[in-house]
Amino acid sequence: FRALRMHRDAPQKRAIECVRIAPRALDADNNALAFKPLVDSLVRLAVLHDDSPRWLDVRYTQRKPAKGERPHAEVVVTLAPDLAEPVAPVSARARV
């Protein structure tokens, strides 16, 4: 996460993709809601400047786990697509 920490004097818009991997699907609202604490934590850790649309493009998806794969969540943080090349993407896994 250190590579993605925001510089307080020059915040940048970020994009995140949150993927829930679980046997049963949630509706779109509940899937987004499941990631809210994680997104708030990324703001507190200064990986994201803010979670408002001005500073964050977010995409929530979900899929069933592959055979032998355990339920978990994947989150990838990059610079927003309309900016320069993505910074080193960070992927974090957490049990759902």
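Accessible areas here come from the Shrake-Rupley method with a 1.4 Å probe. Keep in mind that you're looking at a predicted model.

**Exercise 1. Work out how much surface the protein exposes and what supplies it.**

Step 1: The exposed area comes to about 6500 Å².
Step 2: Carbon and sulfur atoms supply 53% of that area.
Step 3: Now turn to the inside: 28% of the 96 residues count as buried.

**Exercise 2. Describe the order of helix and strands along the sequence.**

Step 1: Count the pieces, and you get one helix and four strands.
Step 2: Read along the sequence, and the pattern is β-α-β-β-β.

**Exercise 3. Check whether the span of H1 agrees or disagrees with the expected one.**

Step 1: The expected span is 1.5 Å times one less than the number of residues.
Step 2: H1 has 17 residues, so it should span 24 Å.
Step 3: The end C-alpha atoms of H1 are 25 Å apart, which agrees.
Step 4: Look for a bend too: H1 bends by about 40° at Lys36, and Pro37 follows within four residues.

**Exercise 4. Find the buried residues of H1 and say what they pack against.**

Step 1: Asn31, Phe35, Val39 and Leu42 are the ones to pick out as buried.
Step 2: The buried residues of H1 pack against strands S1 (14-21), S2 and S3 (72-79).

**Exercise 5. Decide whether Ala46 is buried or exposed, and look at its phi.**

Step 1: Place Ala46 in the loop between helix H1 (28-44) and strand S2 (56-63).
Step 2: Buried means under 20% relative accessible area. Ala46 has 8% relative accessibility, so it counts as buried.
Step 3: The phi of Ala46 is near 70°, a positive value. Most residues other than glycine have a negative phi.

Technical notes:
Residues numbered from 1 in each chain as written. Predicted model: local features only at pLDDT ≥ 70, side-chain atom pairs only at ≥ 80, totals over all residues. Heavy atoms only, no water. Helix = DSSP H or I, 4+ residues; strand = E, 2+ residues; numbered from the N terminus. Buried < 20%, exposed > 50% of the residue type's maximum accessible area, 1.4 Å probe, protein only. Bend = angle between axes of the 7 residues up to and from the residue. Contact = heavy atoms within 4.5 Å.
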